[in-house]
Amino acid sequence: MTALPGGATLIRVPVFPVAPGWNRRQTEVSFLAPAGYPYANPDCFWADADLRLESGALPQASNVTHIPETPHVGLWFSWHLTQAWNPNRDCLLTWLAAIAERFRKAQ
């Protein structure tokens, strides 16, 4: 975890498994816990910049970009929760489960 100047926290998971259909079996995952967390939910995430589908194509709704307020570049996923965030129920593990769900869908 790294505190960022704007109040968010960068969270990096160095080894995160991905399902078959990708060009590797694991990647580093990074995401931002926004300044208002836990009332504000995480949104989007980054993986290793060279992560691709097994075919070599970029995944749907992704782009290689800088992670805000950091020198890091990653494969940005425009990925969002499918249900409303509830700070009384949800936590960073909820967001990690959502990321894991995205990696189960190699598209």
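D90 is buried, at a relative accessible area of 7%. Please keep in mind as you read that this is a predicted model. The partner of D90 is R89, and the closest N and O atoms of this salt bridge are 2.9 Å apart. Unlike buried D90, R89 is partly exposed, with a relative accessible area of 47%.

**Salt bridges**

A search of the whole structure turns up six salt bridges. Here are some of them, with their N to O distances.

| Salt bridge | N to O distance |
|---|---|
| E28 and R12 | 2.6 Å |
| R24 and D50 | 2.8 Å |
| R89 and D90 | 2.9 Å |

Let's take the pair E28 and R12, whose side chains meet in a salt bridge. It links distant parts of the chain, since E28 belongs to strand β3 and R12 to strand β2 (residues 9–17), 16 residues apart. R12 is partly exposed, with 36% relative accessible area.

Next come R24 and D50, joined through their side chains. R24 sits in the loop between β2 and β3, while D50 sits in the loop between β4 and β5 (62–66), so this salt bridge ties together parts that are 26 residues apart in sequence. R24 is partly exposed at 24% relative accessibility, and D50 is partly exposed too, with a relative accessible area of 44%.

Back at R89 and D90, the salt bridge has its closest N and O atoms 2.9 Å apart. Elsewhere, R24, D48 and D50 are joined into one network by salt bridges that share partners.

**R102, a buried arginine**

What is the nearest side chain of opposite charge to R102, and how far away is it? It is E101, 8.9 Å away, and R102 is buried yet has no salt bridge. The cut-off for a salt bridge is 4 Å between a side-chain nitrogen of Lys or Arg and a carboxyl oxygen of Asp or Glu. R102 does have a polar partner in the backbone: a polar atom of its side chain lies 3.3 Å from the backbone oxygen of Q60. R102 is part of helix α1 (residues 92–104). Leaving out residues up to four places away in sequence, R102 touches W22, F45, P59, Q60, F77, W79 and Q107.

**N41, in a loop**

Our last stop is N41, found in the loop between β3 (26–33) and β4 (45–47). With 30% relative accessibility, N41 counts as partly exposed. Beyond its neighbours within four places in sequence, N41 is in contact with P34, L81 and W85. The C-alpha atoms of N41 and H80 are separated by 9.6 Å, and these residues are 39 residues apart along the chain.

Conventions: Residues numbered from 1 in each chain as written. Predicted model: local features only at pLDDT ≥ 70, side-chain atom pairs only at ≥ 80, totals over all residues. Heavy atoms only, no water. Helix = DSSP H or I, 4+ residues; strand = E, 2+ residues; numbered from the N terminus. Buried < 20%, exposed > 50% of the residue type's maximum accessible area, 1.4 Å probe, protein only. Contact = heavy atoms within 4.5 Å. Lys, Arg positive; Asp, Glu negative; His and termini not counted. Polar contact = N/O pair within 3.5 Å; in protein donor to acceptor, adjacent residues only side chain to side chain.
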